[in-house]
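Here are my notes on the model you sent over. Have it open on your screen while you read, and skip around as you like.

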Amino acid sequence: MAENDSIQKYIQQFIQENRKIYTRDAITQKLIEAGYSANDVDDAYEALGLGWGVEGKQKNEDMPIPGNWRSSIAD
């Protein structure tokens with residue numbers, strides 16, 4: 001159980017450090033390529049309150065950063 005806790009801690013840290021730069025899909029793909037399961041990644045997003053649903057979505061943190069082309073919305 002302690003191993004799973006450390007895995008979740010690492011995944012959550014990785015998500016927090018990269019979520020303003022990369023999309024959820026890109027972060028998930030990178031973690032899967034590193035050997036983590038999609039379920040572990042989804043659990044980490046849920047633990048951070050960043051699930052797929054509308055509830056718990058933190059709108060202020062998901063807004064694009066002015067002057068940063070990486071966070072701009074593409075049509």
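The points below go from the whole chain to its core, and then to single helices and residues.

1. **Ground rules.** This is a predicted model, so keep the filters in mind: local features need pLDDT of at least 70, side-chain atom pairs count only at pLDDT 80 or more, and totals for chains, interfaces and linings use all residues. Residues are numbered from 1 along each chain as its sequence is written, and side-chain values use heavy atoms, with hydrogens and water left out.

2. **The overall layout.** The chain has four helices and zero strands, and read from the N terminus the order is α-α-α-α. Helices here are DSSP runs of H or I with at least four residues, strands are E runs of at least two, and both are numbered from the N terminus. Of the 75 residues, 24% are buried; buried means under 20% relative accessible area, exposed means over 50%, and partly exposed is in between, using a 1.4 Å probe and protein chains only. The accessible surface is about 5900 Å², with 52% of it on carbon and sulfur atoms (Shrake-Rupley method, 1.4 Å probe; for residues, only the protein chains shown count as cover). Among contacts (heavy atoms within 4.5 Å) with a separation of 6 or more, 54% are between residues 24 or more positions apart.

3. **The core.** Which residues make up the largest nonpolar core? There are 10 of them: Ile-11, Phe-14, Ile-15, Ile-27, Leu-31, Val-41, Ala-44, Tyr-45, Leu-48 and Leu-50. The term covers buried Ala, Val, Leu, Ile, Met, Phe, Trp, Tyr and Cys residues joined through side-chain atoms within 4.5 Å. Helices H1 (2–18), H2 (24–33) and H3 (38–47) each put in at least two of these residues. In soluble globular proteins, nonpolar side chains tend to be buried together. If you want one residue to click on, try Ile-15: beyond its neighbours within four places in sequence, Ile-15 contacts Ile-27, Leu-31, Val-41, Ala-44, Tyr-45, Leu-48 and Leu-50.

4. **Helix H2.** The buried residues of H2 are Arg-24, Ile-27, Thr-28 and Leu-31. Looking down the axis of H2, they fall within an arc of 100 degrees, so they line one face of the helix (the arc is that of the directions from the helix axis to the C-beta atoms). Asp-25, Lys-30 and Glu-33 are exposed on the other side of H2. Just after H2, Gly-35 has a positive phi of about 110 degrees.

5. **Helix H3.** Here the buried set is Asp-40, Val-41, Ala-44 and Tyr-45. Seen down the axis of H3, that set falls within an arc of 140 degrees, so it lines one face of the helix. Asn-39 and Ala-47 are exposed on the face turned away from the buried side of H3. After H3 comes Gly-49, with a positive phi near 80 degrees.

6. **The salt bridge.** The structure has one, counting a side-chain nitrogen of Lys or Arg within 4 Å of a carboxyl oxygen of Asp or Glu. Its partners are Arg-24 and Asp-42, with their closest N and O atoms 3.2 Å apart. Arg-24 is in helix H2 and Asp-42 in helix H3, so the pair ties together parts 18 residues apart in sequence. Is each partner buried or exposed? Arg-24 is buried at 14% relative accessible area, while Asp-42 is partly exposed at 29%.

7. **Gln-8 and its neighbours.** Gln-8 sits in helix H1 and is buried, at 13% relative accessible area. Its side chain reaches the backbone nitrogen of Ala-44 at 3.2 Å, a polar contact (N or O atoms within 3.5 Å; within protein, one must be able to donate a hydrogen and the other to accept it, and residues adjacent in sequence count only if both atoms are side-chain atoms). Leaving out neighbours within four places in sequence, Gln-8 contacts Asp-40, Asp-43 and Ala-44. Asp-43, in helix H3, is partly exposed at 43% relative accessibility. Gln-8 and Asp-43 are 35 residues apart in sequence, and their C-alpha atoms are 7.9 Å apart.

8. **Asp-40.** This residue of helix H3 is buried, at 18% relative accessible area. Not counting residues up to four places away in sequence, Asp-40 touches Asn-4, Ile-7, Gln-8 and Ile-11. The C-alpha atoms of Asp-40 and Ile-11 are 8.0 Å apart, with their positions 29 residues apart along the chain.
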